[in-house]
Amino acid sequence: MIRTHALTKRFGSVTAVDNIDLDVREGDVYGFLGANGSGKTTTLRMLLGLVLATSGDAEVLGHPMPASAATVLPEIGALVEGPGAYPYLSGRTNLATIDAVGPSHSGDGRKRRIDDTLDQVGLDPSDHRPVRTYSLGMRQRLGLAAALLRRPRLLVLDEPTNGLDPQGIREIRELLLALHAGGTTVFLSSHLLAEVEQMCTRIGVLERGRLVLQDELATLLAPTGRVVVNTQQTEWAAELLGRRVESISDGRIVVIADDASAVNTELVDAGIPVSQIGPLRHDLEDVVLHATEDG
Ligand code: ATP
């Protein structure tokens, strides 16, 4: 769906995006992660033809960008750098304006299309107040509605949960997952690791313009083949577990094993009290910190 080769953008002496090879596949929910200023927005803008690359290539839906923008952009829903809307018009009039300039949509079914899309993002289709009275979260939802209006195959979203409260974040997450289940590929930038961990199938991590990691989330968070045991009787437990013990610290033992319940049974059968036990997992924060210099 998106492929880049050595894509680079320099602004004067600043290299905002440095030789990146992105690979977003059909059916991905791809989380594009990176600290503020790492180059996420600049990358999204190059993919959409909003800014020209200094060097390298970008392909979106199999077509070179920006050369094929007229073919590609109608197939994409995008929300980049915050939602833009006419403040004195209502949300639905804003959407009607966007719908009217689309290349493939006549006015047929417009009302229903708009009602359905507003409903989908959690905005009231009967709300006729101008957008200037909207909260930040409502504007963000309207921006998403505009991106969804044409039922795109690919959604490109820059920080889609920006400005939303926890309930709103959850609603947008559920909406994106439902769209994904319906076959939409989603490419979103974020710095919210917990969100990305719950939602994405694949991630890329930018650090100062360079793509330092790109992989399937399931691979990155794969089981470690280790079990963590918390017990007051570390010495006794270590004696029992023998060479399977990898490390011991402060009431905590890391054991080389796949099955926590089998280790638990063994310890409890020997009379060793276990206060907590479970598989050792890496979370996304560990993975990202490890990949970046901060780690
Ligand atoms: P954030 O999460 O804060 O939005 P980001 O990862 O999206 O950050 P970018 O906005 O792409 O990062 O910025 C990357 C770098 O490029 C920054 O150093 C920024 O100052 C610089 N930059 C971006 N746009 C321009 C521009 N139009 N002119 C000059 N420098 C720019």
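**Sheet architecture and ligand environment**

In the predicted model, six strands form an open sheet of mixed pairing in the order 7-8-9-4-10-11, where strands (E, at least two residues) and helices (H or I, at least four) are DSSP runs numbered from the N terminus and pairing requires at least two DSSP bridges. Strand 7 (76-79) and strand 11 (210-216) are the edge strands, each pairing on one side only. Strand 4 (residues 29-34) and strand 9 (residues 185-190) run parallel and are joined by five bridges; Leu-33 has Ser-190 as its bridge partner in strand 9. Helix 11 (residues 284-291) packs on the sheet and touches strand 4, strand 10 (202-207) and strand 11, contact meaning heavy atoms within 4.5 Å.

The shell around the ligand (residues with a heavy atom within 4 Å of it) includes Phe-11, Val-14 and Ala-35. Helix 1 gives the most to this shell, with three residues. Polar side-chain atoms of Asn-36 and of Lys-40 lie 3.3 Å and 2.9 Å, respectively, from an oxygen atom of the ligand. For Thr-41, a side-chain N or O atom is 2.6 Å from a ligand oxygen atom; polar contacts are pairs of N or O atoms within 3.5 Å, and within protein one atom must be able to donate a hydrogen and the other to accept it, residues adjacent in sequence counting only if both are side-chain atoms.

Residues are numbered from 1 along each chain as its sequence is written. Local features need pLDDT of at least 70 and side-chain atom pairs pLDDT 80 or more, whereas totals for chains, interfaces and linings use all residues, and side-chain values use heavy atoms, leaving out hydrogens and water.

How values were computed: Axes are lines fitted to C-alpha atoms, for helices over the stretch in contact, and angles run from 0 to 180 degrees between N-to-C directions.
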